[in-house]
Amino acid sequence: MLKVIKWIFKLILIAVVIIVGINLFVKFEGERSLRSLDQIRGQSYDCIIVLGAGVYGNGEPTKILKDRLDRGIELYNAGVAPKLLLSGDNGKTNYDEVKVMKNYCLKHGVPAKDIFLDHAGFSTYESMYRAKDIFGVKSAVVVTQHYHEGRSLYTAKRLGIKAVGVSAAEKKYDGDEARAIREFLSREKAFVQCLVKPEPTFLGDKIDITGDGQVSW
């Protein structure tokens with residue numbers, strides 16, 4: 001019985017080491033591509049991918065999403081990419097992240113033709129898969145909060161996008177602890193997804209990221 005207990009303990013320890021190892025690998029492999037605006041100024045990418053987050057019922061972005069959009073607009077105005085690709089959840093008729101994101105960018109002076117919408121970015125993996133497969137993105141600057149950048153960049157690169165990340169302004173938000181736990185689990189899932197490469201929930205017709213973004217609205 002003692003031998004059995006020892007073997008069970010060893011197996012549990014091995015499992016923990018593997019899980020933590022995968023998590024750290026995804027996080028730090030992705031974060032190797034984090035940059036500041038000054039570091040990428042003067043370079044050129046196909047687009048800036050701004051990943052969606054929650055929106056309020058009054059049509060305004062939450063603080064997390066607003067900070068992502070502000071960074072994306074700043075990068076656009078700095079000339080690091082000629083297009084914005086706003087990817088979020090529009091899976092229900094009464095919930096539309098990308099419409100809120102689009103309206104915010106228009107309000108802040110981004111021309112309509114330079115705003116592309118991905119209505120089926122239901123997850124980070126699906127956003128990156130569709131960016132590559134639907135919009136033909138080959139290189140991108142990925143914008144999200146720092147805690148999320150590692151997984152986002154890891155996924156983008158594993159799916160064939162030459163990606164760097166510029167994080168939104170570093171702030172504290174309500175629910176950060178819960179997001180940290182979710183992110184830990186999501187990194188494990190991302191590792192498997194990037195090995196298996198399942199198709200996203202929706203694909204569709206090709207939309208050229210170098211064209212007029214309004215065709216994606």
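In this predicted model, residues 7-26 carry the UniProt annotation "transmembrane region", taken from an unreviewed entry. Over residues 7-26 the chain is 100% helix and 0% strand. The C-alpha atoms at the two ends of this span are 29 Å apart.

The same record, again as an unreviewed entry, places the feature "domain: DUF218" at residues 46-185. This span is 42% helix and 16% strand, and its end C-alpha atoms lie 30 Å apart.

**The sheet and its helices**

In what order do the strands of the open sheet stand? The 5 strands follow the order β3-β2-β1-β4-β5, and their pairing is parallel. The edges are formed by β3 (115-118) and β5 (162-165); each has a single partner strand, so one side of each is left without a neighbour in the sheet. On average, neighbouring strands of this sheet are turned by 25° against each other, with direction ignored.

The parallel strands β2 (residues 84-87) and β3 are joined by 4 bridges. One residue pair can be named here: S87 has D118, in β3, as its bridge partner.

Two helices that pack on the sheet may now be described. Helix α3 (residues 63-77) touches β1 (47-51), β2 and β4 (139-143). The direction of α3 makes about 175° with that of β1. Helix α6 (residues 146-158) also packs on the sheet, where α6 touches β1, β4 and β5. The direction of α6 makes about 170° with that of β5.

**The two pockets**

Rolling a probe the size of a water molecule over the atoms shows where empty space is left. The table sets out the values for two pockets.

| Pocket | Volume | Nonpolar lining | Polar lining | Charged lining | Share from α7 |
|---|---|---|---|---|---|
| Largest pocket | about 700 Å³ | 9 residues | 13 residues | 11 residues | 7 residues |
| Second largest pocket | about 230 Å³ | 4 residues | 2 residues | 5 residues | 3 residues |

The largest pocket has a volume of about 700 Å³. Which of the 33 residues that line the largest pocket are the closest to its centre? They are G52, A53, R68, Y147 and R182. The elements that give two or more residues to the lining of the largest pocket are α3, α5 (124-133), α6 and α7 (176-196). Of these elements, α7 gives the most to this lining, with 7 residues.

The lining of the second largest pocket consists of Q145, H146, Y147, A169, E170, K171, K172, Y173, D176, R179 and A180. Here the elements that give two or more residues are α6 and α7. The largest share of this lining, 3 residues, comes from α7.

Y147 thus appears in both descriptions: Y147 is among the residues closest to the centre of the largest pocket, and Y147 also lines the second largest pocket. Helix α6, which packs on the sheet, gives two or more residues to the lining of the largest pocket and to that of the second largest pocket.

Conventions
Residues numbered from 1 in each chain as written. Predicted model: local features only at pLDDT ≥ 70, side-chain atom pairs only at ≥ 80, totals over all residues. Heavy atoms only, no water. Pairing = 2+ DSSP bridges. Axes fitted to C-alpha atoms, helices over the stretch in contact; angles between N-to-C directions. Contact = heavy atoms within 4.5 Å. UniProt positions renumbered as here; feature names shortened; annotations may be inferred. 1 Å grid on protein atoms, 1.4 Å probe; cavity = no way out; pocket = protein on both sides within 12 Å on 5 of 7 lines; lining within 4 Å. Points joined across faces, edges and corners; volume = space filled by probe spheres on them. Nonpolar A, V, L, I, M, F, W, Y, C, P; charged D, E, K, R; others polar.
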